[in-house]
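Trainee: I would like to go through this model step by step, starting from single contacts and ending with the whole chain. Please give the reasoning before each result.

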Number of protein chains: 2
Amino acid sequence: MESEFIAWLRRHLPPHPRLRLGIGDDAALVQLTGECVATTDLLTDEVDFILAECDPRHVGRKSLAVNLSDLAAMAARPVAAVVSLALPRAGALELAVQLYEGMLPLAEQCDIAIAGGDTNTWSGPLAISVAALGEPTGRGVLTRSGARPGDAILVTGAFGGSILGRHFDFQPRVAEAIGLHEKYELHAGTDVSDGLTLDLSHICEASGCGAEVELDAVPVHEDARRLAADRRDGISPLDHALTDGEDFELILAASPDQAEAMLADTSLPAPMTQIGRFTAPLGIFSIDAAGNRKPLSPKGYRH
Amino acid sequence: MESEFIAWLRRHLPPHPRLRLGIGDDAALVQLTGECVATTDLLTDEVDFILAECDPRHVGRKSLAVNLSDLAAMAARPVAAVVSLALPRAGALELAVQLYEGMLPLAEQCDIAIAGGDTNTWSGPLAISVAALGEPTGRGVLTRSGARPGDAILVTGAFGGSILGRHFDFQPRVAEAIGLHEKYELHAGTDVSDGLTLDLSHICEASGCGAEVELDAVPVHEDARRLAADRRDGISPLDHALTDGEDFELILAASPDQAEAMLADTSLPAPMTQIGRFTAPLGIFSIDAAGNRKPLSPKGYRH
């Protein structure tokens, strides 16, 4: 089916100013400015989606979106992506087309070229691997390792309950990350894929610091409340917000001054909230409304 | 298991001068010179290897080698690769380590940085996707589309029977491609993954020409003879050479003058053979020892 599918791709992949050579050769040729931010994410059936229960277009979109979120975490500008598919043999061509139909509108929106790929059939379930290339903006890349004690912990958006659908249709915070990195002095950043506290712990580990999270300040998504209400399993909306993951929002570190300026900035495209601060002592602690301080274990999705 | 495996990677991934930021962030930062040659290949259990019957180190090596062969096909210098793994849950950590143990020596030998990856477990069989980044040398990239009628068809090495083991331990023709592209004026090139005639047809299609293959000139690998002798299924060693695939040798197009100079060059690291010429009329034809001209259907592995 690969030759048929390549014919489909030739008709549907738009040109892109950075793409000097696209599909049809052994590799693609992409124009970059000298440094390349490279990331890859693999999504698999029954782990990242349940193919039998969803529209393959959502799966295709998500496979690109999670990579774009990784570029956003580095405040890098997306340039190009390559896509590897392992497709179940039955209905492979139709499935491949649907995956791309989900991917292409997001690619266009985020101005990333689909530069090439590898399309295979097999007896296993669906697996999709995307590798995305970006480039740093003038400020260089944002890493996990620059948070300093006293820095504010800032987040975009709200958290929890992404399983109700947001893990498919989230908007990767590419423009927000680039815009904030340009306008403010950010010390560190990451995106929330595994869970708010677990991803916060990644910044803490890389930066060699701890963190205090004010529980009252954590923006709890309406989906987290719905999920808690539906499931009635004792997991509170706040617990969902702290641990569910796949929110694909940003966690950022910035000095208190810069944080204050960002929080007062009404021109930002995404809502921003300060949920606590980085600390010199290691470990992550929660502070509740009464001022009680407790260890907050960095729970979330561990691969 | 991902955190344990990342700890293993931190101990075993060597530094690389092009790698500004490696594992431990949301994406890697790679130094390039302005243009990026990007490719990806996905290998799956029971299609590209049979995990139950082979050493996972061979699978790991192959997953990188096929990507290096794609860079060689473009005469691009390897710079960095990212690796996505979908691992069966039982024994996932051990398997991941073995895959990398196969990959790392080849990475070192071809001077490519393993820049990052994504490691997952699932209920499906093993799938490995590697995306490799390279950069063009001073001559730019070699493509499939520049062959001209009258050009010689040149190949490195010998063909057929790679299933006996060479599909695992082949040496990607990276140094050969870069060296030849620098020293001679090559018009087009590709690597033989799907099969000699099928990959030759890809150059013909991209270049808008045909080809004549002198059957007597095709270098038949000893493995092709062994395979034909073992199987006794009526498929001749020459048939194996023309159609088996996974030889990962180069097919090159060059003017008759340049071809003559290359064939007389005793300093080349790989044996080179002229197996025919590109023609203005479309279609691929074989010419046998008696001078008989017959259509040669571009058989090989179709995905």
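Trainee: Leaving aside its neighbours within four places in sequence, which residues is B:A81 in contact with?

Mentor: Keep in mind that this is a predicted model. B:A81 is one of the residues that touch the most other members of the largest nonpolar core, a set of 188 residues. Without the neighbours within four places in sequence, its contacts are B:L64, B:N67, B:I112, B:I114, B:A115, B:V130, B:A131, B:A132 and B:L133.

Trainee: B:A131 is in that list. Which residue stands opposite B:A131 in β6(B)?

Mentor: β6(B) runs antiparallel to β3(B), and 8 bridges join the two strands. β6(B) is also mostly covered, with 10 of its 10 residues buried. The residue opposite B:A131 is B:T40.

Trainee: How many bridges pair β4(B) with β6(B)?

Mentor: One place to look is B:E135 in β6(B), which has B:R77 standing opposite. The sense of the pairing between β4(B) and β6(B) is antiparallel, and the number of bridges is 10.

Trainee: Now the contact between the chains. Which element gives the most to the side of chain B that touches chain A?

Mentor: In total, 57 residues of chain B are in contact with 58 residues of chain A. Several elements of chain B each supply at least two residues of that side, including α1 (2-12), α2 (56-73) and β8 (186-191). The side divides into 26 nonpolar, 20 polar and 11 charged residues. The element that gives the most, with 9 residues, is β3(B).

Trainee: Which residue of β3(B) stands opposite A:L29?

Mentor: β3(B) pairs across the chains with strand β2 of chain A, residues 28-31. That pairing is antiparallel and has 4 bridges. Opposite A:L29 stands B:V37.

Trainee: Turn to helix α7 (residues 222-231) of chain B. Within what arc do the buried residues of α7(B) fall, seen down its axis?

Mentor: The buried residues of this helix are B:D223, B:A224, B:L227 and B:A228. They pack against α4 (166-169) and α8 (237-243) of chain B, while the face turned away carries the exposed residues B:A229 and B:D230. The buried residues line one face of the helix, because they fall within an arc of 135°.

Trainee: Which residue with a positive phi follows α7(B)?

Mentor: The helix itself covers residues 222-231 of chain B. The phi of the residue that follows is near 45°, and that residue is B:R232.

Trainee: Does A:A72 count as buried or exposed?

Mentor: A:A72 has its place in helix α2 (residues 56-73) of chain A. Beyond the neighbours within four places in sequence, its contacts include A:P172, A:D191 and A:L250. A:E176 is 104 residues away in sequence and 8.0 Å away in space, C-alpha to C-alpha. Because A:A72 has 33 C-beta neighbours inside 10 Å, it counts as buried.

Trainee: What is the radius of gyration of chain A?

Mentor: Chain A comes to 9 helices and 13 strands. For its 303 residues the globule rule gives 19 Å, and the value for the chain is close to that, so chain A is as compact as a globular protein of that length. The radius of gyration is 20 Å.

Trainee: What percentage of the residues of chain A count as buried?

Mentor: The C-alpha trace of chain A spans about 65 × 45 × 30 Å along its principal axes. Among contacts in chain A with a separation of 6 or more, 84% are between residues 24 or more positions apart. Of the 303 residues, the share that counts as buried is 58%.

Methods: Residues numbered from 1 in each chain as written. Chains lettered and ligands numbered in written order. Predicted model: local features only at pLDDT ≥ 70, side-chain atom pairs only at ≥ 80, totals over all residues. Contact = placed C-beta atoms within 7 Å. Nonpolar A, V, L, I, M, F, W, Y, C, P; charged D, E, K, R; others polar. Pairing = 2+ DSSP bridges. Buried ≥ 20, exposed ≤ 12 C-beta atoms within 10 Å, placed from the backbone. Rg over C-alpha atoms; globule rule 2.2 N^0.38 Å. Arc of directions from axis to C-beta. Core = buried A, V, L, I, M, F, W, Y, C linked by C-beta atoms within 7 Å.
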